[in-house]
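Reader: I have a structure open and do not know how to read it. Could we go through it one feature at a time?

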Amino acid sequence: MNFEFSEEQRELQSEIRRQLAQFCPLDRCMKVMNGDPAERSNIWSSLVALGYPATAIEEHYQGAGFGYLELCLLAHELGRQLVPSPMMSTIYLGVEAVKLFGSPEQKTQYLPELASGDRVLSFAWAERPDGAAVILRNGKLYGEKLPVADYDLATSFLVYVNSDDGGKLILIPRDAEGLTITPVSVFDGSWPHAILHFDSVAGIELGGGAVDLQLIMDRAAILLAYEQIGATEAALELAVSYAKERNAFGRPIASYQAIKHKLANIFALKELALSHAYYGAWALQVNDRSLPRAAAGARLSATRAFEQASAELIQVYGGMGYTWESFCQLFYKRSRMQALALGSEMHWQARLVDGIKLEKCEEVA
Amino acid sequence: MDFSDSQEEAVFRAEVKDWIAENVSVFASVDFSTLPEKDEVALSRQWIASKAKAGYAAMRLQKAYGGMNATAMQSVIYAQEESKYPTPTNYFDITLGMVVPTLLTFASEEQKATLIPRVLAGENIWCQLFSEPSAGSDLAALRTRAVKDGDDWLISGQKVWTTRGHLADYGILLTRSNPELPKHKGLTFFFVDMTSPGIEVRPIKQIDGGAEFNEVYFTDVRIPDAQRLGEVGSGWQVAMTTLLFERQAAGEQSLGLIDFEDMWETFGELQIDGSVALSNPAVQAKLADWYLIKEGLRYFGYRQLTAIAAGITPGPEMSIGKYLEARGAQVAACFATDAMGLYGAIVDPALALCKGRHQSAVLQSPGIRIAGGTDEILLNTIAERVLGMPSEYRTDKTTPFRDL
């Protein structure tokens with residue numbers, strides 16, 4: 001057993017950290033939060049120029065040919081800077097959906113376009129909680145998906161729909177007839193979302209058979225967990241450094257146990273999440289049969305660590321942390337958004353239990 | 001990154017598996033949940049001796065001392081395989097995990113050659129005599145006096161929370177040899193024969209009804225200077241080394257309260273309001289919480305093992321393990337008994353689900369949250385030594401001990 005990334009992988013990670021610190025400091029996330037529409041596409045162009053979207057796409061699809069371990073480390077670094085990009089929609093979900101369910105022809109067409117950044121996918125899966133579902137009738141989509149992340153940069157939408165023949169993913173071009181895109185406000189203003197309205201919209205079905213959405217979510221959950229852990233790490237560093245500077249009652253607040261214990265606890269949660277994420281990265285890389293359990297473990301653990309870290313970051317900063325101009329809001333809002341982005345805690349707790357059951361049944365069989 | 005066994009590890013695992021399967025058969029008919037302590041101690045002695053013959057009792061020691069010069073990973077593989085069978089409580093855990101490495105570092109060749117084989121033969125159990133009534137978290141506040149008397153030392157004072165003190169043949173002992181110096185500087189470390197005149201061991205009854213620890217009283221106990229470990233006045237450094245060995249047992253530790261399997265098994269058997277507990281969202285949430293801690297710490301341990309294999313000694317970040325697990329076990333065990341309804345109050349292992357392990361954990365976890373570093377001390381350690389936050393405000397670090 002060797003439960004660590006290789007030296008080459010760590011070097012790649014340092015290189016990415018250096019690149020992102022240089023061109024995407026937190027100010028850029030703040031600019032997006034403040035409503036600068038050009039900033040998202042500028043950032044994405046830079047990520048494309050650095051070759052990030054191509055990371056885990058195979059070379060014969062014009063990708064960089066790295067594996068998931070490298071993609072996980074990239075995600076960790078994107079998380080540290082809260083980089084406002086469509087990586088989750090287009091890479092963690094979109095590319096994985098094409099790899100899992102696309103036909104050979106579709107892979108040959110889409111994967112190179114996704115690697116080069118020419119195709120940006122937005123992944124539409126969520127609906128109103130009252131049961132009003134998008135339907136597929138005579139090959140046309142009707143209804144509403146909301147909220148849908150990364151619509152602003154998407155060249156096409158991958159829409160999940162339940163049909164009589166099981167789940168389907170329908171690829172819809174941005175300019176499709178009958179598609180209306182309406183921006184919608186969400187917690188995190190640095191992560192644009194929209195409502196997609198379908199009125200008899202035709203698209204291309206991904207693959208032919210039934211699509212199991214959860215299999216795509218499992219893979220995306222591990223990658224997103226790395227972003228969440230990267231952000232947790234950055235939030236903890238900010239909190240520690242501020243606590244050392246800020247004085248109250250004649251000494252730095254970092255010298256009070258109330259503050260020390262709060263932050264030490266976050267360190268413990270972060271290490272726990274990172275340990276689950278290591279296992280997830282490995283399970284993703286080798287496509288281990290424990291992937292559903294590994295994904296649920298990584299997602300639940302990372303979500304909790306980031307949630308606590310971002311909430312306590314504001315607490316440590318005090319009143320300043322509650323102001324719009326402070327970076328604290330970026331962490332807090334991103335944390336809640338990522339917690340919802342791939343389904344709730346309750347959903348993943350059930351997925352974890354199902355995953356364990358499944359493995360135990362296989363062991364018996 | 002590769003989570004599976006390497007080829008060498010797989011070969012080693014197969015060897016170990018065979019040996020264990022063949023040798024644990026003696027325990028097949030034993031019911032450990034009702035076995036009296038003295039019978040279990042006898043079985044533990046027998047098991048250590050039989051493991052020692054094959055090199056498995058203290059695998060990481062060099063062959064000359066009865067080990068097999070194994071890697072940390074190999075000792076984890078052994079522990080994983082052994083844990084699949086019921087075996088007696090290991091009454092040699094402190095002896096092998098902390099005492100033997102301390103002896104190897106600080107004792108004379110002659111002492112090592114005499115003392116270590118007796119441990120591996122299952123003859124000698126050791127205890128650790130560190131804590132005192134007014135020196136727990138603040139260990140360096142200890143008052144047990146060591147006064148030089150010719151070639152010997154005379155020891156007087158009281159130790160407390162001495163695990164297995166009533167079973168121990170020897171102990172490692174931290175004393176104050178010079179109260180004129182500041183608290184950390186006037187300490188000296190010894191080993192002591194527990195049958196020496198002047199030692200009195202009294203059991204302490206715990207809230208779970210057991211009596212694993214003791215008070216140990218010393219009244220003019222004579223210890224030859226040859227039994228001193230480390231220099232006079234450097235007892236604190238020796239004690240810190242002992243505690244480091246505890247940490248190096250990375251990845252091998254479980255607190256022994258409840259496992260994830262215990263929770264899984266319990267909820268698999270249980271019905272809540274007429275339906276299967278495992279499909280109840282509140283149960284799923286608590287089960288997930290306990291999974292995140294237990295399985296996460298297992299992976300955390302594997303990260304440490306990989307570091308050890310690369311020659312890196314695990315640091316104070318190891319403290320997260322006991323902190324998370326002890327608290328988590330208390331919450332998990334309380335929830336498990338809650339889900340059983342009033343039946344969950346029954347502690348009789350013959351009646352209780354999962355042989356009463358949840359009920360035991362409810363009663364034992366408060367102790368585990370204190371033993372070997374309280375939650376608060378562990379959090380201080382992480383904050384100060386990992387996150388670089390300021391140390392606690394101390395008034396007593398430079399003052400001579402007698403003036404405190």
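Reader: What percentage of the 365 residues in chain A is buried?

Author: Before the number, note that this is a predicted model. A residue counts as buried when its relative accessible area is under 20%. In chain A, 59% of the 365 residues are buried. For chain B, buried residues make up 50% of 404.

Reader: How many helices and strands does chain A have?

Author: Chain A has 11 helices and 10 strands. The secondary structure of chain B likewise comes to 11 helices and 10 strands.

Reader: What radius of gyration does chain A have, and what would a compact globule have?

Author: The idea is to set the chain's value beside the value expected from its number of residues. A compact globule of 365 residues would have a radius of gyration near 21 Å, and chain A has 21 Å, so the two agree. With 404 residues, the expected value is near 22 Å; chain B has 22 Å, which agrees as well.

Reader: What box do the C-alpha atoms of chain A fill along the principal axes?

Author: The box for chain A is roughly 75 × 50 × 40 Å. The C-alpha trace of chain B spans about 75 × 45 × 45 Å along its own principal axes.

Reader: What do contacts say about how a chain is folded up? Which share of the chain A contacts between residues at least 6 apart joins residues at least 24 apart?

Author: One reads how far apart in sequence the touching residues are. In chain A, 73% of the contacts between residues at least 6 apart in sequence join residues at least 24 apart. By the same count, the share in chain B is 71%.

Reader: How do I read the surface, and what do carbon and sulfur atoms supply in chain A?

Author: Take the exposed area, then ask which atoms it belongs to. Chain A exposes about 14200 Å², and carbon and sulfur atoms supply 52% of that. For chain B the accessible surface comes to about 18200 Å², with 53% belonging to carbon and sulfur atoms.

Reader: How many positive and negative side chains does chain A have?

Author: Chain A has 33 positive and 44 negative side chains; the centres of the two sets lie 6 Å apart. Chain B has 37 positive and 52 negative side chains, with the two centres 5 Å apart.

Reader: Now the place where the chains meet. How many residues does each chain bring to the contact?

Author: Chain B brings 47 residues and chain A brings 41. Together the chains bury about 4200 Å² between them, 69% of it on carbon and sulfur atoms. Of the area that chain B buries against chain A, 21% comes from B:Met1, B:Leu292 and B:Arg303, more than from any other three residues.

Reader: On to single residues. Is B:Thr162 buried or exposed?

Author: B:Thr162 has a relative accessible area of 1%, so it is buried. The residue lies in the loop between strand E3 (152-159) and strand E4 (170-176) of chain B. Leaving out residues up to four places away in sequence, B:Thr162 touches several residues, including B:Cys127, B:Leu129, B:Phe213 and B:Val216.

Reader: Where is B:His166?

Author: B:His166 also lies in the loop between E3 and E4 of chain B. At 34% relative accessibility, B:His166 counts as partly exposed. Among the residues that B:His166 touches, not counting those up to four places away in sequence, are B:Glu37, B:Val201 and B:Ala211. Both B:Thr162 and B:His166 touch B:Glu212 and B:Asn214. As for distance, the C-alpha atoms of B:His166 and B:Glu200 are separated by 9.5 Å, although the two are 34 residues apart along the chain.

Reader: Last, the backbone. Which residues does a cis peptide bond join in chain A?

Author: The cis bond joins A:Leu146 and A:Pro147, with omega of about -15°. A:Pro147 is in strand E3 (residues 140-149) of chain A.

Reader: What is phi of A:Ser200?

Author: Phi of A:Ser200 is positive, about 60°, although the residue is not a glycine. A:Ser200 is found in strand E7 (residues 193-202) of chain A and counts as partly exposed at 27% relative accessibility. B:Asp273 is another non-glycine residue with a positive phi, near 50°. B:Asp273 lies in the loop between strand E9 (271-272) and strand E10 (275-276) of chain B, and at 80% relative accessibility B:Asp273 counts as exposed.

Key:
Residues are numbered from 1 along each chain as its sequence is written. Chains are lettered from A and ligands numbered from 1 in the order in which they are written. This is a predicted model: local features need pLDDT of at least 70, side-chain atom pairs count only at pLDDT 80 or more; totals for chains, interfaces and linings use all residues. Side-chain values use heavy atoms; hydrogens and water are left out. Helices (H or I, at least four residues) and strands (E, at least two) are DSSP runs, numbered from the N terminus. The radius of gyration is taken over C-alpha atoms; the globule rule is 2.2 Å times the number of residues to the power 0.38. Buried means under 20% relative accessible area, exposed over 50%, partly exposed in between (1.4 Å probe, protein chains only). Contact means heavy atoms within 4.5 Å. Accessible areas come from the Shrake-Rupley method with a 1.4 Å probe; for residues, only the protein chains shown count as cover. Lys and Arg count as positive and Asp and Glu as negative; His and the chain ends are not counted. The place of a charge is taken as NZ of Lys, CZ of Arg, CG of Asp or CD of Glu. Buried area is the accessible area (1.4 Å probe) that two parts lose on being put together, summed over both.
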